[in-house]
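User: Please give me a close look at a single part of this model, one chain, together with whatever surrounds it. I would like one connected account, with the terms explained as you go.

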Amino acid sequence: MKSIEELNQSKLPIAVYDKGLDKYEKKPLFQKKMDKANAILATSPPTQFLNERENKRIKQYFEQCLPIEKIAQNLDLTENDVLLRLEEMGLVKCLS
Amino acid sequence: MRNKRYQLTFSVSFTMYEFVSEGPNGRINKLVKYTESSVKNIYNLGFGDKLDDSDDFDDEVITNNKDSLRVLSTVAATVYTFTDKYPNAIVFATGSTDARTRLYRMGISNNLEEIKEDFEVLGRIEDKWERFEKNRDYDAFLLTRKIMVK
C-alpha cells in the first residue's frame with residue numbers, strides 16, 4: 001500500500017474538503033491582481049487561442065457523437081455557431 | 001512538479017485552496033483563489049498569506065519561510081485539481097511583483113516537459129500571447145488542460 005507521502009507525489013494531489021473555506025467564496029480577494037489580470041486581458045485578449053481551443057472542443061464533442069444542441073449547451077454557444085464552426089472545419093456541409 | 005508539496009484543503013466549489021507553509025518564520029496559512037476574469041472561462045489565480053487574526057489575505061507580503069519551491073509546487077497542484085473539476089477553464093497567472101513573475105516563469109521552465117504532458121501553456125510578451133518557450137521574458141501566463149482530438 002502506498003504511503004500518503006507517495007500518493008501526494010502524484011500529479012493530482014490529495015486534497016480534503018474544508019467547510020471553513022466556503023466563507024471566502026463570495027469575498028473579493030486579491031483584487032489588485034484581479035484588476036491587473038483584467039487590464040492585461042483587455043489590452044491583449046488571447047482571442048486566437050480561445051477560438052482554436054473552442055474549435056478543438058467542438059471537434060472533440062462532434063467526434064464523440066454529441067448532438068449539436070448538447071455541444072452548444074456545453075460551450076455556451078448557439079446551435080448556429082456550432083454548425084458554422086463545424087462547417088468552417090469541413091466537418092459538416094450545411095444547406096443554407 | 002513532483003517536488004514535495006503541502007497538504008491541501010479546498011472549498012465546496014473547488015475554487016479556493018488552503019495550505020500551511022512551515023519554516024523558520026513559523027506556520028503561515030496560504031490561500032489560493034481562482035476568480036473568473038472579464039473574459040469567459042479565464043480564471044485569475046490569486047495567491048497570498050492569511051493575515052493574523054483576520055479574514056484578510058495579502059498577496060504582496062514576502063514570507064521568507066525558505067520553502068518557495070514547495071509552496072510553488074503546492075500552488076501548481078491546485079491548478080491540476082481546479083482544471084480537473086473545470087476542464088474548460090483557462091488559468092491566468094502573473095506575479096504580484098516582477099520577482100514573483102520571474103519565479104512563476106522559472107517554475108514553468110524547469111518543469112515544462114512534464115507540464116506540457118497535460119497542459120497547453122502560453123506566455124505574454126510585448127502584448128502578444130504565444131506558446132511558452134524557455135528563456136523568453138513573459139509577464140503573464142495562461143494554462144489550460146490539453147484537449148485530445150484525433
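Analyst: Let's start with a term that will come up often: a residue is buried if 20 or more other C-beta atoms, placed from the backbone, lie within 10 Å of its own, exposed if 12 or fewer do, and partly exposed in between. The model is predicted, so to speak of a local feature pLDDT must be at least 70, and side-chain atom pairs count only at pLDDT 80 or more, while totals for chains, interfaces and linings use all residues. Residues are numbered from 1 along each chain as its sequence is written, and chains are lettered from A and ligands numbered from 1 in the order in which they are written.

The part to look at is chain A, which has five helices and one strand; these are DSSP runs numbered from the N terminus, H or I over at least four residues for a helix and E over at least two for a strand. Read from the N terminus, the elements follow the order α-β-α-α-α-α. Of the 96 residues in chain A, 11% are buried. Taking two residues as in contact if their C-beta atoms, placed from the backbone, lie within 7 Å, 27% of the contacts in chain A between residues at least 6 apart in sequence join residues at least 24 apart.

Just ahead of α2(A) comes F30(A), in the loop between β1 (15–17) and α2 (31–43) of chain A. The phi of F30(A) is near 50 degrees, which is positive although the residue is not glycine. Most residues other than glycine have a negative phi. F30(A) is buried, because 23 other C-beta atoms lie within 10 Å.

Now for α2(A) itself. The expected span of a helix is 1.5 Å times one less than its number of residues, so the 13 residues of α2(A) should span 18 Å, in agreement with end C-alpha atoms 18 Å apart. Its buried residues are K33(A), A37(A) and I40(A). They cover an arc of only 65 degrees around the axis, and therefore sit on the same side of α2(A); the arc is that of the directions from the helix axis to the C-beta atoms. An α-helix has 3.6 residues a turn, so residues three or four places apart point the same way. On the face turned away from the buried side are the exposed residues Q31(A), K32(A), D35(A), A39(A), A42(A) and T43(A).

T43(A) has 9 C-beta neighbours inside 10 Å, which is why it counts as exposed. The C-alpha atoms of T43(A) and V16(A) are 38 Å apart, with the two positions 27 residues apart along the chain.

What covers the buried side? The cover over the buried residues of α2(A) includes elements of chain B: β4 (42–50), β6 (90–93), β7 (119–125) and β9 (140–145). In the contact as a whole, chain A contributes 34 residues and chain B 41. On the chain B side, at least two residues each come from β1 (8–10), β2 (16–23), β3 (26–36), β4, α1 (68–85), β7, β8 (128–131) and β9. That side divides into 17 nonpolar, 13 polar and eleven charged residues, where Ala, Val, Leu, Ile, Met, Phe, Trp, Tyr, Cys and Pro count as nonpolar, Asp, Glu, Lys and Arg as charged, and the others, Gly among them, as polar.

Further along chain A, the later helices pack on one another. Helix α3 (residues 47–63) and helix α5 (residues 79–88) of chain A meet at an angle of about 90 degrees, with axes 10 Å apart; axes are lines fitted to C-alpha atoms, for helices over the stretch in contact, and angles between N-to-C directions run from 0 to 180 degrees. The pair α3(A) and α5(A) is therefore roughly perpendicular, a label for 65 to 115 degrees, with under 35 roughly parallel, over 145 roughly antiparallel and the rest oblique. Here N55(A), I58(A) and F62(A) of α3(A) meet V82(A), R85(A) and L86(A) of α5(A). By class, that contact has four nonpolar, one polar and one charged residues.

Between α3 and α4 (68–75) of chain A, the loop holds C65(A), whose phi is near 60 degrees, again positive in a residue other than glycine. C65(A) counts as exposed because it has 7 C-beta neighbours inside 10 Å.

Finally, the axes of α4(A) and α5(A) come within 8 Å and cross at roughly 105 degrees, which makes α4(A) roughly perpendicular to α5(A). I68(A), E69(A), I71(A) and A72(A) of α4(A) make this contact with E79(A), D81(A), V82(A) and L83(A) of α5(A). Its residues divide into five nonpolar, no polar and three charged.
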